[in-house]
Amino acid sequence: VWIFELLNALGQFAISHAVVSSTVHRDLESYPMLSGYYTGLCFHLGTIALGAFVIGCLKLLAACMSFILNQTGTSSVQGAVAQVLCCCCVCTVLCIERVLSMVNDLVYTDVALRSCGYLDAADNVVRVAASNPVTYAAIKSSATVMRVVGVTIIAGCGTFLSYQVQSSTALHKQLDLVFENASTMLVTSNILGTTIAAGLICFYVALAFMMVFYQTTYSLMYCMLLLGPASADAQNTEMQTRFQPEDKL
């Protein structure tokens, strides 16, 4: 669980680092994602590992409490009381885990922006979000809706196209006109099973694509909330002034 969360957190940091480098620092790198992975592994691995460890422990704790809750009987008063207590603990742990998961989306952006520790970044994220609750809620809800719609459209269209490719006789005839006996490669004994498999592949591809979109939107929002338009314009002017002599040369 920890390794899985570590890889997930490293991916989030790489996306956040690419966004921060291109929008704030104006570093036009050839391979921004590779640079983000390199920076995360070499300079911020401890911070990323700490965040992954916290989330992983909370998920394991919630799973253990859910198992205990399912094993608790209600035949006696003690069993009913234990079940109520376990249910409260599970809800509390799940709430904490979800809150930290939402904070983690911005923590790694703050780490890439200010090169600070995990706790310092988490504290800064909470303060920035609390000072701009309306903007934070609006952008988060919009990004969540776009993520759901994007996954639905990509997965649905991919599944539909897969079914059409396998079942459409007219399409098979057109393929045979272009490539000889090409339609024989699409023949299958179970169209439904192949369509379901293709749908699952399309779903996970869409999930990965929209996760990048979601993290990019979050990172841009955080840079906007933290720096503000005035700070961004001042930094752009400073960068242009700094590189102006080189351009003239």
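Which residues does K140 touch, not counting residues up to four places away in sequence? Keep that question in mind as you open the viewer, and remember that this is a predicted model.

**Stop one: K140**

Start by selecting residues 133-167, which make up helix α6. K140 sits in this helix, so show its side chain and color it brightly. Now for the opening question: leaving out residues up to four places away in sequence, K140 touches M102, Y214 and Y218. Add those three to your selection. Then zoom in on Y218, whose side chain is joined to that of K140 by a polar contact of 3.0 Å.

Is K140 buried or exposed? Its relative accessibility is 18%, and since buried means under 20%, K140 counts as buried.

**Stop two: helices α1 and α2**

Next, select residues 2-23 for helix α1 and residues 32-43 for helix α2. Two packed helices are described by the angle between their axes and the distance between the axes. Here the axes of α1 and α2 come within 8 Å and cross at roughly 120°. That angle lies outside the 65 to 115 range for roughly perpendicular and is not over 145, so α1 and α2 are oblique to each other. The crossing in which α1 passes α2 is right-handed.

To see the contact itself, show the side chains on both helices. From α1, pick L10, G11, F13, A14, I15, H17 and A18. From α2, pick P32, M33, S35, G36, Y37, T39, G40 and L41.

**Stop three: A14**

Stay with helix α1 and center the view on A14, which lies in it. What is the relative accessible area of A14? The value is 0%, so A14 is buried. Leaving out residues up to four places away in sequence, A14 touches M33, G36 and Y37. Try a distance label from A14 to M33: they are 19 residues apart in sequence, and their C-alpha atoms are 5.6 Å apart in space.

**Stop four: the cysteines**

Finally, select C87 and C91 and show their sulfur atoms. Why is there no bond here? The closest cysteine sulfur to that of C87 is in C91, 4.3 Å away, and a disulfide needs the sulfur atoms within 2.5 Å, so the pair is too far apart for a bond. The disulfide count for the model comes to zero.

While you are looking at cysteines, switch on a surface. C87 counts as partly exposed, at 35% relative accessibility. C57 is partly exposed too, with a relative accessible area of 33%.

How values were computed: Residues numbered from 1 in each chain as written. Predicted model: local features only at pLDDT ≥ 70, side-chain atom pairs only at ≥ 80, totals over all residues. Heavy atoms only, no water. Helix = DSSP H or I, 4+ residues; strand = E, 2+ residues; numbered from the N terminus. Buried < 20%, exposed > 50% of the residue type's maximum accessible area, 1.4 Å probe, protein only. Polar contact = N/O pair within 3.5 Å; in protein donor to acceptor, adjacent residues only side chain to side chain. Contact = heavy atoms within 4.5 Å. Axes fitted to C-alpha atoms, helices over the stretch in contact; angles between N-to-C directions. Parallel < 35°, antiparallel > 145°, perpendicular 65-115°, else oblique. Left-handed = near helix turned anticlockwise from the far one by under 90°.
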